[in-house]
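Me: Please take a close look at the aromatic rings in this model. Then tell me what else stands out around them.

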Amino acid sequence: MSDTSRTTTCPAPVTFWEAFRFWLKLGFISFGGPAGQIAIMHTELVERRRWISEKRFLHALNYCMLLPGPEAQQLATYIGWLMHRTWGGIVAGALFVLPSLFILGALSWVYVAFGQVPVVAGIFYGIKPAVTALVIHAAHRIGTRALKNGWLWGIAAASFVAIFALEAPFPVIVLIAALIGHVGGRMAPQIFVVGGGHGSTQHGYGPALIDDDTPTPAHVRFSRGHLVKVLVMGLGLWAGAMALLLFTHGVDGTLTQMGWFFTKAALLTFGGAYAVLPYVYQGAVEHYHWLTGPQMIDGLALGETTPGPLIMVVAFVGFVGAWTQQVLGPDALMLAGAVAASVVTFFTFLPSFIFILAGGPLIESTHGQLKFTAPLTAITAAVVGVILNLAMFFAYHVLWPQGLSGRFDGVSALMTLGAAVALFRFKLGVMPLLGLCALVGLAITWLR
């Protein structure tokens, strides 16, 4: 078949099981964070397979960017729903997450069971400085995209002071930023109109199954009955799971607290995983004491090395928390970890499915209206300050592992600096960076 025929002939219809196989494959290759995952989907679905046109792909992506939660996973859910109705969306979104859950669960078990083995300790010694550099790089990347004027810089600075000096809770910072955006969008709209986005250049890859002019499928159009049905089912699943935890573990049970805490976390993940990590840290480390600060850094390192959304670090938090709290007794530590990882994953991602399946047709019609986007612009600006605080927290624990009264780890400082140079100057990818730093950590541990 010639190149011409390939670009002028519409692809054959895709069956549910053909799509199932693709979403399963995507779950195992979705490395690189949201940007990398979205790039993989664009290459596979827009350019190569032509299941959806670029315009429709970007329209769906921009919609997902307005919602709390992992946008790449929501984009997969959206496209699966667009192609094969509700079950298509559920399968696409679930398979985006499940491989990561199994892999991260296994790595979490290795971590808590063998974390003091020299080889494992050496790997984590090398990875921690890389993670610190990655968080700094994330703050810079999001900041350069979001802080387009002095007012937005001011919001970012105020949020940093609020969480660093005043120890303000992350949800309070988000709510205040949203209020500023709501009022500011009315009084000075030019401040909250941020250009950029995901690109405006349109490329022709040939006809797509869901093309620019393809009529909106009936199951995607807004319907009050469908909205009520999905809301009832989604909220029913949440209430049923929470009731089961209350019945089996009580209000103060660790699993019950995890379910409630990660439900709140799921509703606050504007700006991606790095934005919600400070909130997870505040709750999991400082309030509930499910794990320690250094363990949180290790968990983020594991999350960076596995496919799927970075927010899957919550599975590590659940696993370690249930293991240390012995929620099922001292003889069932691994089972407790696996159950907790599954529980927190369920409560973290359930809202994303509800947002797409119930709110998609309704919220999509509001895209581009400033009264809806201005609060999100302000929240994104505040998130930059919050992430900068997270970077300082990680740097503190990496450079002074025994606290400020202890020794300064000069080797970790040099590794952090080297990792930052690799990211900023040489644009090294996440996986090569983590692999290189892990090898350096092993070498240092062996020499010592």
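Reply: F114 is partly exposed, because its relative accessibility is 39%, which falls between the 20% and 50% limits. W109 falls in that class too, with a relative accessible area of 29%. Keep these two residues in mind; their rings come back below. Note that this is a predicted model.

Now the whole structure. How many aromatic pairs does a search find? The search finds 18. One of them joins F22 and W51. Their ring centres lie 5.4 Å apart, and the planes meet at 70°. That is an edge-to-face pair, because the angle is over 60 degrees. The partners come from distant parts of the chain. F22 belongs to helix α2, residues 16-29. W51 lies in the loop between α3 (33-48) and α4 (54-65). The separation is 29 residues. Are these partners buried or exposed? F22 is buried, at 3% relative accessibility. W51 is buried as well, also at 3%. Both values are under 20%, so both residues meet the cut-off for buried.

Back to W109 and F114. Their ring centres are 5.3 Å apart and their planes stand at 90°, so this pair is edge-to-face. Here the partners are partly exposed: W109 at 29%, F114 at 39%.

Ring pairs also build a cluster. Its members are F261, F262, Y279, Y288 and W290. A charged side chain meets a ring elsewhere: R425 lies over the face of F426. The distance to the ring centre is 5.3 Å.

Next, a glycine with an aromatic contact. Where is G308? G308 sits in the loop between α12 (293-305) and α13 (313-325). With a relative accessible area of 4%, G308 is buried. Leaving out residues up to four places away in sequence, G308 touches S30, Q37, F96 and S100. F96 is the phenylalanine among them. L98 is 210 residues from G308 along the chain, yet their C-alpha atoms are separated by 8.3 Å.

Last, the cysteines. A disulfide is a covalent bond between the sulfur atoms of two cysteines. The structure holds 0 of these. C10 is partly exposed, at 41% relative accessibility. C437, by contrast, is buried, with a relative accessible area of 7%. That value is under 20%, so C437 counts as buried.

Methods
Residues numbered from 1 in each chain as written. Predicted model: local features only at pLDDT ≥ 70, side-chain atom pairs only at ≥ 80, totals over all residues. Heavy atoms only, no water. Phe/Tyr/Trp six-rings, centres within 6.5 Å; stacked < 30°, edge-to-face > 60°. Helix = DSSP H or I, 4+ residues; strand = E, 2+ residues; numbered from the N terminus. Buried < 20%, exposed > 50% of the residue type's maximum accessible area, 1.4 Å probe, protein only. Lys NZ or Arg CZ within 6 Å of the ring centre and 35° of its normal. Contact = heavy atoms within 4.5 Å. Disulfide = S-S within 2.5 Å.
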